[in-house]
Structure formats: C-alpha cells, structure tokens
Amino acid sequence: MASDGSDLGTMDYKCICLTTPGSFTRKLEVGKNVKPGKGYALVKTGFVGVCGTDYHAFGGNQPLFSYPRVLGHELGVTVVALGADCDDAGVNVGDNCAVEP
C-alpha cells in the first residue's frame, strides 16, 4: 500500500449494473489505473448500501435517470492509498471509513 500516492499499478473491479429498470448484469472493469490524484484517497469497497433512490431507479420511477447505471453510493470502505496533499485529511492508509453523498 502506498501512502504517498505512488503508482500501485492496475486492478480489476466488479460492479452490478442496472442495465434497464428491473434488469441487472454483473460487470467487470479490467486494468483500471489506481493511483489516487492530489487530494484524493483510493479506497477498497467492502459494503454498499442501497437507498430509496436506488430502489426507485430499479422500478423505473426516476424519470431523470439514464441507463445503464451503477447503483449504490453509500459505502463501507478501507483506505488503501492517499494522493498528494492528504497529510492533514484526518485519514490514514488502513482506516475503515463510511462514504456518503
């Protein structure tokens, strides 16, 4: 793990994609760059919360939404790297955190 934001290489990640209202597919993104930018943290997601907005998107009741879309924006994460200028952020590599909109 790099606390200085140095390049960690690439990693794959999985997500569940709502392709159309009522229809999910599993998606794999391969080889994404994982170096956090200045002022950003790279996190590993452990848990994802689904809120009422996500529920309504699944039902097709969000007229302003476009599809496909990845649901879930309330996360339980572990910090795996910090970008530059994160020294006073109050978070360290290895910390468990909650991410909310």
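Here are three short exercises on the predicted model above, each with a worked solution.

Residues are numbered from 1 along each chain as its sequence is written. Because the model is predicted, local features need pLDDT of at least 70 and side-chain atom pairs count only at pLDDT 80 or more, while totals for chains, interfaces and linings use all residues, and side-chain values use heavy atoms, without hydrogens and water.

**Exercise 1.** Find where D54 sits and which side chain of opposite charge is nearest.

*Solution.* Start with the element: D54 belongs to helix α1, residues 52–58; helices are DSSP runs of H or I with at least four residues, strands runs of E with at least two, numbered from the N terminus. Next, D54 is buried, meaning under 20% relative accessible area with a 1.4 Å probe, protein chains only (exposed is over 50%, partly exposed in between). Now look for a partner: R69 is the nearest side chain of opposite charge, 6.1 Å away, and D54 has no salt bridge. That term asks for a side-chain nitrogen of Lys or Arg within 4 Å of a carboxyl oxygen of Asp or Glu; Lys and Arg count as positive, Asp and Glu as negative, and His and the chain ends are not counted.

**Exercise 2.** Work out how the strands of the open sheet are ordered, and which stand at its edges.

*Solution.* The 3 strands run β2-β1-β4, with antiparallel pairing; two strands pair if DSSP finds at least two bridges between them. β2 (23–33) and β4 each have a single partner strand, so one side of each lacks a neighbour in the sheet. Finally, β1 (residues 10–20) pairs with β2 over 9 bridges, and T10 lies opposite N33 in β2.

**Exercise 3.** Inspect the backbone at P68 and D85.

*Solution.* First, the Y67 to P68 peptide bond is cis, with omega near 5°. Then turn to D85, which is not a glycine yet has a positive phi of about 65°. D85 lies in the loop between β5 (74–82) and β6 (96–99) and counts as exposed, at 58% relative accessibility.
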